[in-house]
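Reader: I'm new to this structure and would like to be walked through it slowly. Could you put it up on the screen before we start?

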Amino acid sequence: TKWTTKLRYLPYKDWPAEQIADIKQNINNSHWRLGYHIQPSSGLMNDPNGFSYFNNQWHLFYQSFPYGPVHGLKNWTHLTSKDLVNWQDHGPALLPGDAQDSHGAYSGSGIVVDDKLFLMYTGNVRDKDWVRHPKQDGAWLDKNNHLQKIATPLIDQVKSGFTDHFRDPQIIEHDGQYYCLIGARKKDDTGHVLVYQAPNVTGPWSYKTELKFTDEQMGYMIECPNLVFIDDKPVLIFCPQGISQDVLKHQNIYPNAYVVGEGFDWDKFEFSNPSTIKNLDEGFDVYATQAFNAPDGRVLSISWIGLPDTTYPSDVEGWAHCYSLVKELKLIGGQLYQQPVVENNQLVEATIDSKEISAQTKISAAVSGLEGTIKITTEEAEEIKIIIDAPNGKILVDRTKAGIPFATDFGTTRNAKVTKGIKQLDLYLDNTVFELYVNNGELVFTGRIFPQGKKFFVESDLPVTKQRLKKIY
Ligand code: FRU
């Protein structure tokens with residue numbers, strides 16, 4: 001397929017039914033599909049949207065272009081779960097194509113209001129000259145999972161002085177007022193997070209201020225801003241584009257970053273004593289993480305494992321990307337920790353004693369004081385190599401030889417350091433994705449791999465335990 005702009009924005013009704021059926025056929029024959037990570041039923045998945053708890057279940061939507069592995073006319077595809085592990089895909093729910101979202105239902109968030117879930121999203125609208133006019137739109141989801149869009153944009157214009165890069169509203173409530181954070185690119189090519197305020201979710205929305213979370217330069221654009229509160233401390237998770245290496249050392253095309261404050265001023269929307277800007281994930285493929293304060297008191301997040309403007313080997317099969325496990329965010333000694341939610345324990349099926357492991361395996365190692373290497377290999381001599389210097393807190397993850405190369409312009413190794421030494425490693429392997437948690441979430445390295453081999457083995461000079469995990473998809 002030659003993915004012209006015309007084809008990528010073709011109205012859904014003009015696609016032949018076979019297109020999706022063909023992709024599903026390829027997917028059935030794929031040996032790169034995942035066993036317990038959320039993946040698209042066809043086409044491309046990107047940002048997680050509307051992550052929330054409503055009507056006694058968890059809700060999550062994914063940015064989806066269902067007709068191929070490219071960014072095109074996006075919808076929100078609806079997932080629900082009782083346990084944050086087993087997800088049911090209900091198909092596209094928030095469809096693009098109306099005046100307020102003619103060229104895509106772009107990213108946004110959800111909040112429960114009375115007996116409905118309110119969704120706020122960006123309507124990507126282009127005129128006949130292909131000039132973009134972003135709208136911030138609303139929709140209601142009722143208890144029967146029926147979605148009703150609001151035809152009139154909630155925020156119709158970009159703020160003066162800003163460009164058409166103005167999107168990804170995160171809606172939050174505080175003291176009976178609603179606020180939304182919007183990622184925006186100013187005309188002077190700097191990235192900002194703007195705050196709007198309304199007495200009701202449906203409006204009227206008015207500009208309040210800019211979120212003040214750092215004194216550093218943020219590059220030219222900020223996508224997907226997410227403000228959560230952990231132990232009353234503000235944590236902003238965001239995607240700065242064009243950020244200087246002096247402010248944040250990163251190797252991905254665009255990083256997913258975070259900053260933690262000691263306190264928060266709700267009048268000024270200002271962090272007190274913000275930390276430096278840090279990488280949310282030290283690995284290869286994480287972007288657009290969405291987090292929210294869940295009603296059970298936890299702060300939960302989920303990451304897109306995929307990068308913008310990057311092709312992946314599964315593209316040839318008509319699908320691309322996946323999500324991380326749902327993670328719980330904590331602050332321990334002022335440091336952000338990300339841990340797979342405890343519900344994931346239900347995935348454990350049995351201990352593995354052999355060198356050969358299942359494509360769905362959790363590999364753990366208590367490494368205090370040790371130096372060594374863990375390799376996950378295949379029968380095709382492919383490998384993920386992890387080099388550990390526990391006393392010095394250093395770790396290197398190498399996917400150079402892990403299979404079909406991709407995104408190599410951004411490097412095929414990643415390394416990072418913790419200050420107090422490495423004690424514990426837990427790696428979740430799921431066929432073509434791994435998530436490596438260091439010290440129970442002090443650091444996370446996430447990455448895709450596309451091995452030709454079908455069998456996996458663990459080779460290590462460190463004491464390693466292996467547990468087979470359930471294949472649920
Ligand atoms: C981030 C992003 C968002 C946008 C969405 C469109 O990956 O570019 O800023 O809303 O993807 O799919």
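Author: What follows is a conversation about the domains, the sheets, the ligand surroundings and a few backbone details.

Reader: Before anything else, what kind of model is this, and how are residues numbered?

Author: This is a predicted model, in which local features need pLDDT of at least 70, side-chain atom pairs count only at pLDDT 80 or more, and totals for chains, interfaces and linings use all residues. Residues are numbered from 1 along each chain as its sequence is written.

Reader: OK, and how is the protein chain divided?

Author: It is split into domain 1, covering 5–340, and domain 2, covering 349–469, with the bounds coming from an automatic or database domain assignment. The C-alpha centres of domain 1 and domain 2 are 28 Å apart.

Reader: What does UniProt list for residues 37–340?

Author: The UniProt record, an unreviewed entry, gives "domain: Glycosyl hydrolase family 32 N-terminal" for residues 37–340, and it places "domain: Glycosyl hydrolase family 32 C-terminal" at residues 350–454. UniProt positions are given here in the numbering used for this model, feature names are shortened, and annotations may be inferred rather than shown by experiment.

Reader: How much helix and strand is there in those spans?

Author: Residues 37–340 are 0% helix and 53% strand, with end C-alpha atoms 12 Å apart. Residues 350–454 are 0% helix and 53% strand, and there the end C-alpha atoms lie 20 Å apart. Helices (H or I, at least four residues) and strands (E, at least two) are DSSP runs, numbered from the N terminus.

Reader: Going back to the two domains, how many residues are in contact?

Author: On the domain 1 side 31 residues are in contact with 30 residues of domain 2, where contact means that the C-beta atoms of two residues, placed from the backbone, lie within 7 Å. Strands β20 (299–305) and β24 (335–340) each supply at least two residues of the side of domain 1 that touches domain 2, and β24 gives the largest share, five residues.

Reader: And what classes of residue make up that side?

Author: The side of domain 1 that touches domain 2 has 14 nonpolar, 13 polar and four charged residues. In this count Ala, Val, Leu, Ile, Met, Phe, Trp, Tyr, Cys and Pro are nonpolar, Asp, Glu, Lys and Arg are charged, and the others, Gly among them, are polar.

Reader: Changing topic, which residues come nearest to the ligand?

Author: Of the 13 residues around the ligand, those that come nearest are Q63, Y106, S107, E223 and A288; a residue is near a molecule or strand if its C-beta atom, placed from the backbone, lies within 6 Å of it. The shell around the ligand divides into four nonpolar, four polar and five charged residues, and β1 (43–54), β5, β9 (162–174) and β13 (221–230) each supply at least two residues of that shell.

Reader: You mentioned β5, so what sheet is it in?

Author: Strand β5 belongs to an open sheet of four strands in the order β5-β6-β7-β8, with antiparallel pairing, and two strands pair if DSSP finds at least two bridges between them. Its edge strands, each pairing on one side only, are β5 (105–113) and β8 (147–149). Within this sheet, β6 (residues 116–123) and β7 (residues 135–141) run antiparallel and are joined by seven bridges, with M120 having G138 in β7 as its bridge partner.

Reader: What about the sheet with six strands, what order do they take?

Author: That open sheet has the order β26-β35-β28-β29-β30-β31, again with antiparallel pairing, and its edge strands are β26 and β31 (413–417), each of which pairs on one side only. Two bridges join β26 (residues 356–357) to β35 (residues 456–460), where I357 stands opposite F456, while five bridges join β28 (residues 371–378) to β35, where T377 stands opposite F457.

Reader: And how do β28 and β29 pair?

Author: They pair in the antiparallel sense over seven bridges, and T373 has I387 in β29 as its bridge partner. The two form a hairpin with four residues between them, and A381 in the turn has a positive phi of about 60°.

Reader: Last one: where does the cis peptide bond sit?

Author: The cis bond runs from G203 to P204, with omega near 0°, and P204 lies in the loop between β11 (191–198) and β12 (206–210). Another backbone detail is D175, which has a positive phi of about 50° although it is not a glycine; D175 lies in the loop between β9 and β10 (177–186).
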